[in-house]
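Thank you all for coming; I would like to walk you through one structure this morning, taking a few places in turn. Please have a look at it first, and then I will begin.

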Amino acid sequence: MQRSIMPDEATIISDNWQRVQESVARSLDSSEHNQSVKIVGVSKYVSAERTQLLLDSGCTHLGENRPQLIWEKQAWLEEHQHDKPKWHMIGHLQRNKVRRTLPMLCSIHSVDSERLATSVNEEAEKLGRSIPILAEVNVTEDTSKTGMQSEQLLSFMDHVGKLPNLQLQGLMAMSTHFAGGDQARREFAHVRDLRDRLQTSYPSFDLKELSMGMSGDFHEAILEGATLVRIGSSLWEGIER
Ligand SMILES: *Cc1c(COP(=O)(O)O)cnc(C)c1O
């Protein structure tokens, strides 16, 4: 049997959620980009039970970096008759897991290859729906990190343009050190610039979303135009992981 949650965990999580919302709002006040920002609460560190406490606090968009975590938590939440969260896939999605995962997802931030795009399109077609996706780009110097290189993007855009069940809405990226500062800010500015150029070259897409910024660098990301921030650690401070 799972250990029951101490009553004060609900309070800690709800306070964390308030605090994160307030700091996101402050960053947004300092931004010159006139964007709105959605917080995707990253629940990969904690159990389904604690994830539910975050949902109860009012966070409706959740992100996970592994499909299995979404399957497990979705099953638990259904069993406990909780309202369905809006799940965002933010980590590597293996093609053989697309079929099982797609019905649960509202968006995939981490589409990083034409092959994955093709698989997602096929499964979305079978479900009779279309799915919002983002193209994950690697703007760090480290080519071993996840995401496409910017040179791959033109070919990717051409490819996705032919897949009717995908709605490409923008880009997702991570900074090199996840720690903020000038380098992060330059990297996020680079992502925005890339998006702006792609938008000019491909006017038929509506590339309105920039998924960038985590606990350590969401301030810099928002100053550079982020519309989706993926926040984990800050929401779970004071909670056993
Ligand atoms: C874990 C994770 C996050 C959240 O990171 P924190 O530093 O814990 O806020 C964001 N994006 C991705 C892709 C992740 O895997």
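Before I point at anything, let me fix one term: when I say salt bridge, I mean a side-chain nitrogen of Lys or Arg that lies within 4 Å of a carboxyl oxygen of Asp or Glu. Please also keep in mind that what you see is a predicted model.

With that term in hand, look at Lys208 and Asp206, whose side chains meet in a salt bridge with an N to O distance of 3.7 Å. Lys208 is partly exposed, with a relative accessible area of 42%, and Asp206 is likewise partly exposed, at 45%. Elsewhere, Arg99, Glu123 and Lys126 are joined into one network by salt bridges that share partners.

How many salt bridges does a search of the whole structure find? The count is ten, and I would like to dwell on two others. In one of them Arg19 pairs with Glu237, and the closest N and O atoms are 3.3 Å apart. Arg19 belongs to helix H1, whereas Glu237 sits in the segment after strand E8, residues 228-231, so this pair ties together parts of the chain that are 218 residues apart in sequence. Both partners are partly exposed, Arg19 with a relative accessibility of 35% and Glu237 with 43%.

The other is between Glu224 and Arg185, where the closest N and O atoms come to 2.6 Å. Here Glu224 is in the loop between helix H8, residues 218-223, and E8, while Arg185 is in helix H7, residues 181-201, so the parts being tied together are 39 residues apart in sequence. Is Glu224 buried or exposed? Its relative accessible area is 8%, which is under the 20% cut-off, and therefore Glu224 counts as buried. Its partner Arg185, at 34%, is partly exposed.

Let me now turn to helix H3, which runs over residues 67-79. At 1.5 Å a residue, the 13 residues of this helix should span 18 Å, and because its end C-alpha atoms are in fact 18 Å apart, the expectation and the model agree. Within H3, the buried residues are Pro67, Leu69, Ile70, Trp71, Lys73, Gln74, Trp76 and Leu77. As background, an α-helix has 3.6 residues a turn, so residues three or four places apart point the same way. And what do the buried residues of H3 pack against? Their partners are helix H2 (48-57), strand E2 (61-64), strand E3 (86-89), helix H4 (98-101) and strand E4 (105-111).

Following H3 comes Gln81, which lies in the loop between H3 and E3. The phi of Gln81 is positive, near 50°, although the residue is not a glycine. In general, most residues other than glycine have a negative phi. Gln81 is also exposed, with a relative accessible area of 73%. A second residue of this kind is Asn34, again not a glycine, with a positive phi of about 60°. Asn34 is placed in the loop between helix H1, residues 7-30, and strand E1, residues 38-42, and at 78% relative accessibility Asn34 counts as exposed.

Two serines deserve a moment as well. Ser27 is in helix H1 and is buried, with a relative accessible area of 4%. Leaving out residues up to four places away in sequence, Ser27 touches Phe218, His219, Ile222 and Leu223. Ser130, by contrast, is found in the loop between helix H5 (114-127) and strand E5 (131-136), and at 29% relative accessibility this serine counts as partly exposed. Beyond its neighbours within four places in sequence, Ser130 is in contact with Pro164, Asn165 and Gln167. If you want a sense of distance, Ser130 and Glu64 are 66 residues apart in sequence and 20 Å apart in space, C-alpha to C-alpha.

Finally, the empty space. The largest pocket holds about 240 Å³. It is lined by 17 residues, and those that lie nearest its centre are Lys44, Ile90, Met174, Met214 and Arg230. What kinds of residue make up the lining of the largest pocket? The lining divides into six nonpolar, eight polar and three charged residues.

That brings me to the end of the tour, and I am happy to go back to any of these places.

Definitions and conventions:
Residues are numbered from 1 along each chain as its sequence is written. This is a predicted model: local features need pLDDT of at least 70, side-chain atom pairs count only at pLDDT 80 or more; totals for chains, interfaces and linings use all residues. Side-chain values use heavy atoms; hydrogens and water are left out. Helices (H or I, at least four residues) and strands (E, at least two) are DSSP runs, numbered from the N terminus. The expected span of a helix is 1.5 Å times one less than its number of residues. Buried means under 20% relative accessible area, exposed over 50%, partly exposed in between (1.4 Å probe, protein chains only). Contact means heavy atoms within 4.5 Å. On a 1 Å grid over the protein atoms alone, a cavity is a set of points where a 1.4 Å probe fits but cannot get out, and a pocket is an open set with protein on both sides within 12 Å along at least five of seven lines; lining residues have an atom within 4 Å of a point. Grid points are joined across faces, edges and corners, and a volume is the space filled by probe spheres set on the points. Ala, Val, Leu, Ile, Met, Phe, Trp, Tyr, Cys and Pro count as nonpolar, Asp, Glu, Lys and Arg as charged, and the others, Gly among them, as polar.
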